[in-house]
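Colleague: I should like to go through this model with you and ask for the reasoning behind each description. Please set every value beside the rule that applies to it.

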Amino acid sequence: MPFRPPLTSADLAKIRARYEASSDRAPCAYQDIVVWEDILALLHEIKRLRALALTAHQLRDSLKKPNSCLDGVWEDFRNALAMEPCVAELGDLKIELLGPGKRRANPKQT
């Protein structure tokens, strides 16, 4: 299933504006359908960004270190990527699935 188009800063500002308290309305006096559509839009944006982070994590070892003035930026990127929750969760999942108690026995061993 393809992702929805990315939310622009203008889209995010519109969503935020709908939920800001003002002198004429309380912060939670909204129509249910509008709230639900905003929540879905934000959740899809989070899903898209998590997928982007996981793709970058998969590619990070394939991309060469720049060996230039960008070395610091590259290291910052790799460190920030390693701290992303979805990347950490992926590592935990791999450990859980491939841990010592989860491997199949070799059928040739007797």
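Colleague: In this predicted model, what is the handedness of the crossing of α2 and α4?

Modeller: The crossing of α2 and α4 is right-handed. That term applies because the near helix is turned clockwise from the far one by less than a right angle.

Colleague: What makes α2 oblique to α4?

Modeller: The axes of α2 and helix α4, residues 85-98, cross at roughly 60 degrees and come within 9 Å. Angles under 35 degrees count as roughly parallel, and the roughly perpendicular range is 65 to 115. An angle of roughly 60 degrees belongs to neither range, and therefore α2 is oblique to α4.

Colleague: Which salt bridge involves Glu-89?

Modeller: The side chains of Glu-89 and Arg-50 meet in a salt bridge, at 2.7 Å from N to O. Glu-89 lies in helix α4 and Arg-50 in helix α2, so this pair ties together parts that are 39 residues apart in sequence. The name is justified because the rule asks for a nitrogen of Lys or Arg within 4 Å of a carboxyl oxygen of Asp or Glu.

Colleague: Why are Glu-89 and Arg-50 called partly exposed?

Modeller: Glu-89 has a relative accessibility of 43%, and Arg-50 has a relative accessible area of 33%. Buried means under 20% and exposed means over 50%, so values in between are partly exposed.

Colleague: What is the salt-bridge partner of Arg-48?

Modeller: Arg-48 forms a salt bridge with Glu-45, and the closest N and O atoms are 2.9 Å apart. Both residues lie in helix α2, 3 residues apart, which is about one turn of the helix.

Colleague: How do you know whether Arg-48 and Glu-45 are buried or exposed?

Modeller: The relative accessible area is 18% for Arg-48 and 11% for Glu-45. Buried means under 20%, and therefore Arg-48 is buried, as is Glu-45. In the whole protein of 110 residues, buried residues make up 12%.

Colleague: How many salt bridges are there by this rule?

Modeller: The count comes to 4 salt bridges. One of them joins Asp-61 to Arg-60, with the closest N and O atoms 3.7 Å apart. Salt bridges that share partners join Arg-60, Asp-61 and Arg-78 into one network. Asp-61 counts as exposed because its relative accessibility is 55%, and the cut-off is over 50%.

Colleague: Which residues form a nonpolar patch on the surface?

Modeller: The patch consists of Trp-36, Ile-39, Leu-43 and Ile-46, with about 410 Å² of accessible area together. Ile-39 is in helix α2, and Ile-46 is also found in helix α2. A patch residue needs over 30% relative accessible area. Ile-39, at 37%, therefore meets that condition, and so does Ile-46, at 47%.

Colleague: What is notable about the phi of Asn-67, and where is the residue placed?

Modeller: Asn-67 has a positive phi of about 50 degrees although it is not a glycine. The residue is in the loop between α2 (32-59) and α3 (71-83). With a relative accessible area of 63%, Asn-67 is exposed, because exposed means over 50%.

Colleague: How many helices and strands does the protein have?

Modeller: The secondary structure comes to 4 helices and 0 strands. From the N terminus on, the elements run α-α-α-α.

Notes:
Residues numbered from 1 in each chain as written. Predicted model: local features only at pLDDT ≥ 70, side-chain atom pairs only at ≥ 80, totals over all residues. Heavy atoms only, no water. Helix = DSSP H or I, 4+ residues; strand = E, 2+ residues; numbered from the N terminus. Buried < 20%, exposed > 50% of the residue type's maximum accessible area, 1.4 Å probe, protein only. Patch = residues over 30% accessible without salt bridge, like charges linked within 9 Å, V, L, I, M, F, W, Y side chains within 5 Å. Areas by Shrake-Rupley, 256 points an atom, 1.4 Å probe, with all protein chains shown as cover. Axes fitted to C-alpha atoms, helices over the stretch in contact; angles between N-to-C directions. Parallel < 35°, antiparallel > 145°, perpendicular 65-115°, else oblique.
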